[in-house]
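Visitor: I want to learn how to read a structure feature by feature. Please walk me through one.

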Amino acid sequence: MPHLADLRAVLREPHFRRLYGTRLTAQTADGVFQAALASFVLFSPENQATAGTTAAAFATLLLPYSVVGPFAGVFIDRWQRRTILVRANVVRAALTALVAVLVGLGVESWPFYVATLSVLSVNRFFLSSLSASLPHVVERRLLVTGNSLSTTSGTIVAGIGGGLGVGLRALLGEDDPSVAVIVVVAGVVYLASAALAARIPRTLLGPDPDDERESTSEAMRNVLSGIAGGARHVWQRRRPAHALGAIATHRFFYGLSTVATLLLYRNYFTDQGFFRAGIDGLAQVFGASSIGVVLAAVVTPYVTRRLGKERWIVTLLAAACVVEIALGFPYTQPALLVAALLLGFVAQGSKICVDTIVQESVADAYRGRVFAFYDILFNVTFVSAAVVAATFLPDTGRSYLALTVIAVGYGATALAYLAVTGGAAGRSTASG
């Protein structure tokens with residue numbers, strides 16, 4: 001079997017194994033750290049989770065991916081990547097020590113969010129450095145295998161780390177000092193990742209010498225101008241512009257739903273047999289949503305060959321409108337789990353279609369810049385939804401007005417996208 005042969009060839013490379021070990025330990029620590037954050041901000045007995053604190057938590061988690069992400073490459077192409085991997089983990093370990101102190105003292109104000117934001121911002125440099133380093137330890141013909149193994153394993157161990165964090169919370173207790181211990185555990189694992197990275201030869205991971213490399217300040221300016229250029233390129237092309245408008249609007253209403261769900265499981269629901277409240281119940285929701293994501297990945301390629309991508313997006317958005325009303329209004333845990341599965345299906349199916357439309361409709365010379373703009377749009381609209389939710393959602397998360405706004409928003413987006421795409425939906429089928 002060629003795939004297994006490729007996998008064995010990748011794993012035989014000792015420097016790949018060290019880079020792989022660096023990733024796995026660090027992303028395990030990421031999972032532990034994020035579980036501790038959720039415990040402290042949303043599920044701590046000492047702290048009352050409100051719509052405002054939930055919005056702040058989402059902003060802290062997502063803004064580094066939007067603001068820091070586009071600029072990370074500028075420095076990764078200038079600094080020794082092995083050095084970045086080592087120092088990023090050491091810096092994160094130090095910052096988690098600071099976060100642990102703040103958590104232990106019960107400080108949930110701007111110093112806590114600044115420290116947490118710093119940890120997550122450093123993570124952008126770390127993950128981007130891993131991706132840029134891979135071609136230096138894997139043969140070109142094996143890059144697909146190396147990437148698939150690395151990123152899939154990283155996602156899995158991050159989930160395992162999250163489970164470890166939840167398990168430690170159950171073992172140690174739910175008070176702030178106990179959560180601080182979990183944060184310290186994450187810091188120790190970051191140091192283990194730094195130790196593994198330090199075993200890689202300093203210059204092995206690049207960057208390679210480049211006499212024509214532009215200055216750092218020029219590169220920073222080019223990042224900004226590139227994102228602006230990507231936005232202009234999209235604006236001049238109706239099909240990708242409409243698709244990005246649809247996914248951004250969907251992401252906004254999905255963000256409102258997510259914040260409401262977090263508050264429901266924190267402040268409204270109680271344990272009902274199999275159906276749990278608190279962080280355990282939220283894990284059930286994320287599990288159901290993940291099933292929806294997997295199903296969408298299987299179903300969407302098949303359906304779009306018959307309906308076309310635009311019509312499938314309209315169908316999904318209309319379905320989300322119905323789901324919000326039919327399964328949201330009862331405000332019961334069983335109904336919410338089914339809604340989570342279906343909305344996860346809608347979110348993933350829509351994104352697959354929009355990604356493909358952008359890839360098909362944008363000139364190759366602009367594709368990277370357009371996707372950088374897309375990434376920022378995708379995260380900023382979600383954070384904006386969290387901020388808006390903080391202004392009108394009750395702390396219980398139960399609001400028929402909010403559900404109505406979300407449902408009407410999904411329905412209006414479906415109708416607007418159908419209106420602006422019109423007959424193009426049918427014509428796109430052939431390209432699907």
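**Rings, helices and charges**

Guide: Start with one residue. Phe329 has a relative accessibility of 31%, so it counts as partly exposed. Keep in mind that this is a predicted model.

Visitor: Which ring pairs with Phe329, and is the pair stacked, tilted or edge-to-face?

Guide: Read two values, the centre distance and the angle between planes. Angles under 30 degrees are stacked and those over 60 are edge-to-face, so what falls between is tilted. The partner of Phe329 is Tyr400. Their ring centres are 5.3 Å apart and their planes meet at 55 degrees, so this pair is tilted. Phe329 belongs to the loop between helix 11 and helix 12, while Tyr400 belongs to helix 14, so the pair joins parts 71 residues apart in sequence. Tyr400 is partly exposed too, at 37% relative accessibility.

Visitor: How many aromatic pairs does the whole structure hold?

Guide: A search finds 12. One of them is Tyr268 with Tyr331. Here the centres are 6.4 Å apart and the planes are 70 degrees apart, which makes the pair edge-to-face. Tyr268 sits in the loop between helix 9 and helix 10, and Tyr331 in the loop between helix 11 and helix 12, so parts 63 residues apart in sequence are tied together.

Visitor: Are Tyr268 and Tyr331 buried or partly exposed?

Guide: Take each in turn. Tyr268 is partly exposed, with 31% relative accessible area. Tyr331 is buried, at 8%. The cut-off for buried is under 20%.

Visitor: Which residues do the ring pairs link into a cluster?

Guide: The cluster consists of Tyr265, Tyr268, Phe269, Phe329, Tyr331 and Tyr400. Both pairs we just read, Phe329 with Tyr400 and Tyr268 with Tyr331, have their rings in it.

Visitor: Now the overall fold. How many helices and strands are there?

Guide: The protein chain has 15 helices and 0 strands. Of its 432 residues, 50% are buried. Next, look at contact range. Among contacts with a separation of 6 or more, 86% join residues 24 or more positions apart. The surface comes last. About 19100 Å² is exposed, with 65% of it supplied by carbon and sulfur atoms.

Visitor: How do I check one helix, say helix 9, and what span should it have?

Guide: Compare the expected rise with the end-to-end distance. Helix 9 covers residues 238-267, which is 30 residues. At 1.5 Å a residue it should span 44 Å, and its end C-alpha atoms lie 43 Å apart, so the two agree. Then check burial. In helix 9, 22 of the 30 residues are buried, so the rest of the structure largely encloses it.

Visitor: What does the span test give for helix 14?

Guide: Helix 14 has 22 residues and an expected span of 32 Å. Its end C-alpha atoms are 31 Å apart, which agrees.

Visitor: Which residues of helix 14 are buried?

Guide: The general idea is this. An α-helix has 3.6 residues a turn, so residues three or four places apart point the same way. In helix 14, the buried residues include Leu403, Ile406, Ala407, Tyr410, Gly411, Ala414 and Tyr417. After helix 14 comes Gly422, with a positive phi near 55 degrees.

Visitor: Next, charges. How many salt bridges are there?

Guide: Side chains of opposite charge can pair when their charged atoms come close. This structure holds 5 salt bridges. In one of them, Asp30 pairs with Arg92, and the closest N and O atoms are 3.1 Å apart. Asp30 is in helix 2 and Arg92 is in helix 4, so the bridge ties parts 62 residues apart in sequence. Asp30 is buried at 7%. Arg92 is buried at 0%.

Visitor: Over which ring does the charged end of Arg92 sit?

Guide: The ring of Phe126, at 4.6 Å from its centre. Elsewhere, Lys351 lies over the face of Phe378, 5.4 Å from the ring centre.

Visitor: And what is the N to O distance between Arg239 and Glu310?

Guide: Their salt bridge has an N to O distance of 2.7 Å. Arg239 lies in helix 9 and Glu310 in helix 11, so parts 71 residues apart in sequence are joined. Arg239 is partly exposed at 24%, whereas Glu310 is buried at 1%.

Visitor: Which residue forms a salt bridge with Arg169?

Guide: Glu174, at 3.8 Å from N to O. Arg169 is buried, with 8% relative accessible area. Glu174 is partly exposed, with 41%.

Conventions: Residues numbered from 1 in each chain as written. Predicted model: local features only at pLDDT ≥ 70, side-chain atom pairs only at ≥ 80, totals over all residues. Heavy atoms only, no water. Helix = DSSP H or I, 4+ residues; strand = E, 2+ residues; numbered from the N terminus. Buried < 20%, exposed > 50% of the residue type's maximum accessible area, 1.4 Å probe, protein only. Contact = heavy atoms within 4.5 Å. Areas by Shrake-Rupley, 256 points an atom, 1.4 Å probe, with all protein chains shown as cover. Expected span 1.5 Å × (residues − 1). Phe/Tyr/Trp six-rings, centres within 6.5 Å; stacked < 30°, edge-to-face > 60°. Lys NZ or Arg CZ within 6 Å of the ring centre and 35° of its normal. Salt bridge = Lys/Arg side-chain N within 4 Å of Asp/Glu carboxyl O.
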